[in-house]
Structures are given as structure tokens and as C-alpha cells.
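Dear colleague,

I am passing on the structure we spoke of, and my notes follow it. Please read them with the model open beside you.

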Amino acid sequence: MKRTLAKRLLQMIIVLFGISFFTFCLTYLAPGDPVLTMYAASGTMPSEEIIEATRDEMGLNDPFLMQYARWLGNCLKGDFGTSYSMNQPVLSIIGEKIVPTLKLAFLSLLIMLAVAVPFGVIAAVKQNRPIDYLIRGCTFLGVSIPNFWVGLLLLYLFALKLGLLPVVSTGNGISKIILPAITLAFAMSAKYTRQVRTAVLEELNQDYVVGARARGIDERTILWRHVFPNALLPLVTLLGLSLGSLLGGTAVVEVIFSYPGLGNLAVSAITAYDYPLIQAYVLWIALIYMVINLIVDLSYDLLDPRIRESR
């Protein structure tokens, strides 16, 4: 266990270094002048001499590898630079957006699980019956409709027509976060309902279920104490990937609802050519995905003792 953990941590460090180099290389080659962007955000346009002096002061005229080494060294110290468009430390800007993103991610996951788990189990238990066909039809509809269309429809219905919820989601209070959370949970619920149904059906056809039925064990006990725990393993992987995606921010949904999360921040940074903010955001996404994948791998040992014994 400890050896596996050390190996995975070493892999994470190597991958992070690779991603940092690739990200810095792309932003270095990207069009636009960071100095002009910075002065434009402050509302001033100085002379060419001042612009060139600023470039020298920021080290933008140095060779590529020197710039990368300086930036990476600062990142290792926790200094990701200053945002060109907001003129604030990048780390503090991302820190402010993490809390709203966490709220949105966990609320949407809770809504999704509350829908997907019971309906997926019902569809599996009632296989090829009318309720199964109805649930499968709804899931097909759910995965076919794009998130942005669902968000606009919910916004139009509940915010504009009925006036029950605010148009702008600030992230403070359940009423100001519920619409983006439902929008994100909509497609995820359809996908996970299918996965739960498939996983439960696969377990229901196993020999241990036939044996349990032959011994007269109650169907509900078989389902929830034996079948469902064994069906969790493939779902944990998908859940980890979804959580990583949500914690990285879902740009389209956040822009539609003007939600102050990481996705909306990333869109603003890209439009403003805010390279330090973009670089820090990409590193955050990479770190989140790798940490969650590590947690998912370690959770396999708890969910399936056979995996723990094989290591």
C-alpha cells in the first residue's frame, strides 16, 4: 500500500512538471502582448518606451527557458504571479473562486446521486418492464440534450416566467445555486442511471445471487447488502472523474448563470489573454484530477478486499 502510494505520488510530480512546461510553452507562443493587456485593463496606454521597459522589468524579453525556470521556481514557492486583467495575486483569485465551485460541485453530485441510484436500481430490478422502458427513455433524452440548453430553459421558466429563483446565481444561499446545480445534475443523472442499471444487472446475474436466492434470503437483503456494494466499484471511477470535472469548473453553465466559479473565471482569463491566470488554472485542473484519481484508486482497497490482497 505504501509502495503504491509513493509510486503514484512520484508519477503525479512528473506529470505536473510536464503539464507545467506544456502550459507555459503554449501561453508563451500564444498571440497577444501581456504588457498591452495589463495596461489596457488599467485604462492607460503608455508610450512604446514605457511598454518596452515594462517588458524588461517583467522578464518577458528573456529567453524562453529562463522565463520558464523563473516561473516554475515561483510556483513552487506558492507564487503564481499577478493577474494581468485584475492586478491581483493569481492564487488569491483562484482561492476566492474555489468555495463557490465546491458548493456547486457537491450539490450537483448530491442531486445526481439522489436521482440516479434509485432509478438505476429500479430499472435493473424491473428489467424489460414498462417502468424500465420509461426510465431508459428518460435517460436517452437526458444524455441527448446539451447542458447549455437545459440551463437556458430552466432560467427562462423558473427565473423569468415564474420568478421563483434569481436570474444571476451568486453562490450565496440555496436559491442562488440550485438552478446551475440542477443543470449540471441533469445530464449526469441520465448517464449514471444507465451505469447503475448496467452494474446492478451484471451483479444480479452472478452465481452468488442465485445461491442466496436458493438459501431463501430476502430479495431486498440480496439487493442492498450484496448486489449494490459489489456494483459500486465501476461507479466510483466515474464519480471521481465527474467530481474532477466539476471542481475544475463547468464553463458553459457558469457563464449562463453568471456563477462566480472557476469555469467562469477561466473563460474571462482566456478572453483577456490573462496568461498567469490561465497557467494557474490548468495546473489546478491537473492537480485535482490526479488527486481524485489517487483517492479513487485507494478507495478500491476498501470496497474490494481482493484488490488489497493482490497488491
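**How helix 1 meets helix 4**

Helix 1 and helix 4 are oblique to each other, since their axes, taken for residues 2-29 and residues 64-76, cross at roughly 130° and come within 11 Å. Please bear in mind throughout that this is a predicted model. The crossing of helix 1 and helix 4 is right-handed. On the side of helix 1 the contact is made by Phe17, Ser20, Phe21, Phe24, Cys25 and Tyr28, which meet Phe64, Leu65, Gln67, Tyr68, Trp71 and Leu72 of helix 4. Sorted by character, the residues of this contact comprise ten nonpolar, two polar and no charged.

**Aromatic residues**

The structure holds eight aromatic pairs. In one of them, phenylalanine 21 and phenylalanine 64 have ring centres 5.7 Å apart and planes at 75°, and because an angle over 60 degrees counts as edge-to-face, the pair is given that label. This pair links distant parts of the chain, given that phenylalanine 21 lies in helix 1 and phenylalanine 64 in helix 4, 43 residues apart. As for their surroundings, phenylalanine 21 is partly exposed at 36% relative accessibility, whereas phenylalanine 64, with a relative accessible area of 17%, is buried. Both rings belong to one aromatic cluster, formed by Phe21, Phe24, Tyr28, Phe64, Tyr68 and Trp71.

**The chain as a whole**

The chain contains 14 helices and zero strands, and its C-alpha trace spans about 85 × 60 × 30 Å along the principal axes. Of the 311 residues in the chain, 39% are buried. Among contacts with a separation of 6 or more, 72% are between residues 24 or more positions apart.

**Isoleucine 111**

Which residues does isoleucine 111 contact, once its neighbours within four places in sequence are left aside? They are Ile178, Ala181, Ile182, Ala185 and Ser189. Isoleucine 111 itself is found in helix 5, which covers residues 90-125, and it is partly exposed, with a relative accessible area of 23%. Its C-alpha atom is 7.2 Å from that of isoleucine 182, although the two are 71 residues apart in sequence.

**Helix 12 and the loop before it**

Asparagine 264 is found in helix 12, residues 262-271, and it is buried, because its relative accessible area of 19% falls under the 20% limit. Not counting residues up to four places away in sequence, asparagine 264 touches Glu254, Val255, Ser258 and Tyr259. One of these, serine 258, is found in the loop between helix 11 (251-256) and helix 12, and it has a positive phi of about 55° although it is not a glycine. At 38% relative accessibility, serine 258 is partly exposed.

**A further positive phi**

Asparagine 128 also has a positive phi, of about 65°, although it is not a glycine. This residue is found in the loop between helix 5 and helix 6 (130-144), and with a relative accessible area of 46% asparagine 128 is partly exposed.

With kind regards

Note on methods: Residues numbered from 1 in each chain as written. Predicted model: local features only at pLDDT ≥ 70, side-chain atom pairs only at ≥ 80, totals over all residues. Heavy atoms only, no water. Axes fitted to C-alpha atoms, helices over the stretch in contact; angles between N-to-C directions. Helix = DSSP H or I, 4+ residues; strand = E, 2+ residues; numbered from the N terminus. Parallel < 35°, antiparallel > 145°, perpendicular 65-115°, else oblique. Left-handed = near helix turned anticlockwise from the far one by under 90°. Contact = heavy atoms within 4.5 Å. Nonpolar A, V, L, I, M, F, W, Y, C, P; charged D, E, K, R; others polar. Buried < 20%, exposed > 50% of the residue type's maximum accessible area, 1.4 Å probe, protein only. Phe/Tyr/Trp six-rings, centres within 6.5 Å; stacked < 30°, edge-to-face > 60°.
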